[in-house]
Amino acid sequence: MKEHSLDRSPSYRLITIPISHYCEKVRWALDWLEIPYIEERHVPLFHRLATRSLGGKSVPVLVAPEVALVDSTDILHYLNGKNDGSRQLYPTEWNLRQEVEKWEELFDSQLGVSARCWAYFYRLNDREAMRRGWCEGTPQIEQMGFAIAFPLMRRIVQKSLNVTAASSATSLEKIREIFDKVSQRLSDGRPYLIGDKFSAADLTFAALSAPTLLPPEHPMKLPQIDAINSEMATTIKEFRETPAGIYALRLYREHRH
Ligand SMILES: N[C@@H](CCC(=O)N[C@@H](CS)C(=O)NCC(=O)O)C(=O)O
């Protein structure tokens, strides 16, 4: 369990799988809004023991004093009003807010799913990489479960997410399409996707594209580019050089502390 505040009793508990980029989206939102929380990490499959009783399946789940929220976007909406108001993830102006939500939905429903499938295609067979991504900061007993059952866990994840050479290729096309869309949007020199402020749309793009960019400021220890499969590394270098990639890496540098 990782405490992100000096406060002895934060009101929020964030249930995660360490490497999950949807969890990183919420972790980043909490950090950026400066809301104290405790992160409770689980190894995949074991996470269900924590999420089931809270009405969810997937992570992230945010347990707040009055409610448990089981979807990253619902969590961001909820958190937006929970800090001192000096920072907002959604603009107050209705039209701008609609736009932020539209981009966020595109990233949630397409980029996140595609980036995960593409990255797992290269990483899932690397037991040590998966141990780092799935086990860091999780309970000892779950880490023992990983040590014993990794081959089975890998098969379940492979099957449930349909990770194959063909689906990875299709996912890569989708990621490129979204990167092109974002690059196009930024081509007039704007610093952020909507308006002149960092918003949930920017945060979601950067967090969900992390598997395709490996930002150095990511709070998980992501692999060095020289240590991964060369085909994957070449594609990451390509993404890093696109306007969308440069922008996401800048967001990590400037807004992820
Ligand atoms: N729409 C959800 C998606 C979350 C999601 O796909 N989480 C994955 C981890 S990246 C997960 O928990 N998978 C395991 C499961 O569904 O049991 C959100 O935005 O919170």
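This report describes the ligand site and a number of single residues in a predicted model.

## The ligand site

The ligand occupies the largest pocket. The residues surrounding the ligand are Ser20, Tyr22, His47, Arg48, Lys57, Ser58, Val59, Pro60, Asp71, Ser72 and Arg116. Sorted by class, this shell holds four charged, four polar and three nonpolar residues.

Oxygen atoms of the ligand take part in several short approaches to polar protein atoms. From arginine 48, a polar side-chain atom comes to 2.8 Å from a ligand oxygen. Valine 59 contributes a polar backbone atom instead, and the distance from that atom to an oxygen of the ligand is 2.8 Å. For serine 72, a polar side-chain atom lies 2.6 Å from a ligand oxygen. On its own, the ligand has 510 Å² of accessible area, and the protein covers 75% of that area.

Two members of the shell, Val59 and Pro60, also share a feature of the backbone. The peptide bond between valine 59 and proline 60 is cis, with omega at about 5 degrees. Proline 60 belongs to the loop that runs between helix 2 and strand 4, and strand 4 spans residues 61–63.

## Histidine 42

Another loop lies between strand 3 (37–41) and helix 2 (47–51), and histidine 42 is found there. Is histidine 42 buried or exposed? Histidine 42 has a relative accessibility of 8%, and because the cut-off for buried is under 20%, this residue counts as buried. Its side chain makes a polar contact of 2.8 Å with the side chain of glutamate 40.

## Positive phi angles outside glycine

Asparagine 162 has a phi near 50 degrees, which is a positive value in a residue other than glycine. This asparagine sits in the loop between helix 6 (140–160) and helix 7 (165–186). With a relative accessible area of 46%, asparagine 162 is partly exposed.

Leucine 214 is not a glycine either, and its phi is positive at about 45 degrees. The loop that holds leucine 214 connects helix 8 (200–213) with helix 9 (230–240). Leucine 214 has a relative accessible area of 9% and is therefore buried.

## Residues of helix 6, helix 8 and a further loop

Phenylalanine 150 has its place in helix 6, and proline 151 lies in helix 6 as well. Which of the terms buried or partly exposed applies to proline 151? Its relative accessible area is 32%, so proline 151 is partly exposed. Phenylalanine 150, in contrast, has a relative accessibility of 1% and counts as buried.

Leucine 89 is part of the loop between helix 3 (72–80) and helix 4 (94–123). The relative accessible area of leucine 89 is 0%, so this residue is buried. Leucine 213 is found in helix 8, and leucine 213 is also buried, at a relative accessible area of 0%.

For each of these four residues, a separation along the chain can be set beside a distance in space, taken between C-alpha atoms. The pairs are listed here.

| Pair | Apart in sequence | C-alpha distance |
|---|---|---|
| Proline 151 and valine 100 | 51 residues | 40 Å |
| Phenylalanine 150 and arginine 131 | 19 residues | 8.7 Å |
| Leucine 89 and proline 243 | 154 residues | 22 Å |
| Leucine 213 and isoleucine 246 | 33 residues | 9.4 Å |

Sequence separation and spatial distance can be read together for each pair. Proline 151 and valine 100 are 51 residues apart along the chain, and 40 Å separates their C-alpha atoms. For leucine 213 and isoleucine 246, a separation of 33 residues goes with a distance of 9.4 Å.

## Summary

The ligand takes up the space of the largest pocket, and the protein covers 75% of its accessible area. Among the residues around the ligand, arginine 48 and serine 72 each bring a polar side-chain atom to a ligand oxygen, at 2.8 Å and 2.6 Å. Valine 59 brings a polar backbone atom to 2.8 Å from a ligand oxygen, and a cis peptide bond joins this valine to proline 60.

Technical notes:
Residues numbered from 1 in each chain as written. Predicted model: local features only at pLDDT ≥ 70, side-chain atom pairs only at ≥ 80, totals over all residues. Heavy atoms only, no water. Near = heavy atom within 4 Å. Polar contact = N/O pair within 3.5 Å; in protein donor to acceptor, adjacent residues only side chain to side chain. Areas by Shrake-Rupley, 256 points an atom, 1.4 Å probe, with all protein chains shown as cover. 1 Å grid on protein atoms, 1.4 Å probe; cavity = no way out; pocket = protein on both sides within 12 Å on 5 of 7 lines; lining within 4 Å. Sits in = over half its atoms within 2 Å of the grid points. Nonpolar A, V, L, I, M, F, W, Y, C, P; charged D, E, K, R; others polar. Helix = DSSP H or I, 4+ residues; strand = E, 2+ residues; numbered from the N terminus. Buried < 20%, exposed > 50% of the residue type's maximum accessible area, 1.4 Å probe, protein only.
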